[in-house]
Amino acid sequence: MAAIETRSLSKRFGSLHAVRDLDLTVESGEVFGFLGPNGAGKSTTINILLDFVRRSSGDVNVLGYDPERNPQAVRQRIGVLSEGTGFYPRDTARDHVAFAIEMERAGDDPDAVLERVGIADAADRAVGGFSKGMRKRLGLAIALVGDPEILVLDEPLGGLDPEGAQRLREIIRAERDRGAAVFFSSHIMDQVEAICDRVGILHDGELVAVDTVDRLRTSVAEPARFNLVFASVPEDVPAAVRAVDGVTDVTVAGETVRVTCRDPAVKSAVVARVDSLDATIRDIDTPGSSLERVFRSVTDDADGHVDG
Ligand SMILES: Nc1ncnc2c1ncn2[C@@H]1O[C@H](COP(=O)(O)OP(=O)(O)OP(=O)(O)O)[C@@H](O)[C@H]1O
């Protein structure tokens, strides 16, 4: 059984078709990137999965449940980080996590969860004074409570600094390896490419492409080159990257490590290797990013399509 399955899912707001005939399958143990520009329908889809929004037509199955019929069963099994996550400004970060643990009847230690997302030192501070990135980390901490079977991350990268983005990648990998399905929405292609097993591209409510990142990439051939940008390149990084199977060339120019590999699929292995060294990547930059090009090519096609 898939973790998330939608069939011909549609949602209309009056005359606006926010989601059209969406067929989506996300398996347990996979990281699925849900990509699309602003207004494509990503949040609407996520809200339907959680029964915060009612679908107009189609079928939805989340871990064997229809969210419309069993919203509580679904919400108990999903950890959500969304743009709309609300906090109590006077309560501390620890209060928030402790409350989530109580609600979930989970056995987590609040301080360990805060440590995992990198805000343990702010555990006793009132959340009203938190920065955007700190709120994001706290939202992620709350989503992780109780080891959910599905982790839904709606634009998790917004506001995160490079260290936060690195931690997020590590957490996503660990959650996937534990068997959770990670459903990750974003419009930042490069970051998605580095972490997702499969990607679906949504445009005007329609899924215009869905495949593994590698296969989408081969549909628009390009050299497998990318840059890792650091505050200053750590000494052990170039050799470690060179040693990754499939890497054919590594050069250092200022703060940038330029990597060429035999096959674009090697990119995620390189990023994982650098993350394992505790070297903080400030930016991952793919000149003429492949996924970005796939995105442009499929959305241009969709724009040219005349609706019947
Ligand atoms: N409650 C609502 N009432 C009317 N229209 C809505 C409502 N919610 C969403 N929409 C519309 O549905 C479309 C899809 O919006 P949605 O928020 O799902 O997009 P998104 O892909 O999540 O975008 P973003 O990246 O900006 O968050 C948009 O045109 C939006 O204006």
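These legends walk through several views of one predicted model. Local features are given where pLDDT is at least 70 and side-chain atom pairs count only at pLDDT 80 or more, while totals for chains, interfaces and linings use all residues. Numbering starts from 1 along each chain, following its sequence as written.

**Figure 1. The whole chain, with its 11 helices and 13 strands.** Helices (H or I, at least four residues) and strands (E, at least two) are DSSP runs, numbered from the N terminus. The radius of gyration of the protein chain is 20 Å, close to the 19 Å that the globule rule gives for 308 residues, so the chain is as compact as a globular protein of that length. Here the radius is taken over C-alpha atoms, and the rule is 2.2 Å times the number of residues to the power 0.38. Along the principal axes, the C-alpha atoms fill a box of roughly 55 × 55 × 35 Å. Of the 308 residues, 41% are buried (20 or more other C-beta atoms within 10 Å of the residue's own; exposed is 12 or fewer, partly exposed in between; C-beta atoms are placed from the backbone).

**Figure 2. The shell around the ligand.** Twelve positions are worth labelling here: Phe13, Leu16, Ala18, Gly36, Asn38, Gly39, Ala40, Gly41, Lys42, Ser43, Thr44 and His187 surround the ligand. A residue is near a molecule or strand if its C-beta atom, placed from the backbone, lies within 6 Å of it. Strand 2 (16-26) and helix 1 (42-49) are the elements that give two or more residues to this shell, and helix 1 gives the most, with 3 residues. By type, the shell holds 4 nonpolar, 7 polar and 1 charged. For that split, Ala, Val, Leu, Ile, Met, Phe, Trp, Tyr, Cys and Pro count as nonpolar, Asp, Glu, Lys and Arg as charged, and the others, Gly among them, as polar.

**Figure 3. Where domain 1 (4-216) meets domain 2 (223-287).** The bounds come from an automatic or database domain assignment. Taken over C-alpha atoms, the two domain centres are separated by 28 Å. At the junction, 11 residues of domain 1 are in contact with 12 residues of domain 2 (contact: C-beta atoms, placed from the backbone, within 7 Å). On the domain 1 side, helix 6 (162-177) and helix 7 (189-193) are the elements giving two or more residues, and helix 6 gives the most, with 5 residues. That side divides into 3 nonpolar, 2 polar and 6 charged residues.

**Figure 4. The largest nonpolar core, with 84 residues.** Such a core is a set of buried Ala, Val, Leu, Ile, Met, Phe, Trp, Tyr and Cys residues joined through C-beta atoms within 7 Å. Ile150, Val182 and Phe183 have the most contacts inside this core, and helix 5 (residues 132-144) gives the most to it, with 7 residues. Not counting residues up to four places away in sequence, phenylalanine 183 touches Ile4, Val26, Phe32, Phe34, Ile150 and Val152.

**Figure 5. Alanine 3, in the segment before strand 1 (4-13).** Alanine 3 counts as buried because it has 25 C-beta neighbours inside 10 Å. Alanine 3 and phenylalanine 183 are 180 residues apart in sequence, yet their C-alpha atoms are 9.9 Å apart in space.

**Figure 6. Aspartate 108, in the loop between helix 3 (93-104) and helix 4 (110-117).** Aspartate 108 is partly exposed, with 18 other C-beta atoms within 10 Å. Beyond its neighbours within four places in sequence, aspartate 108 is in contact with Ile101, Val113, Val145 and Gly146.

Key
Contact = placed C-beta atoms within 7 Å.
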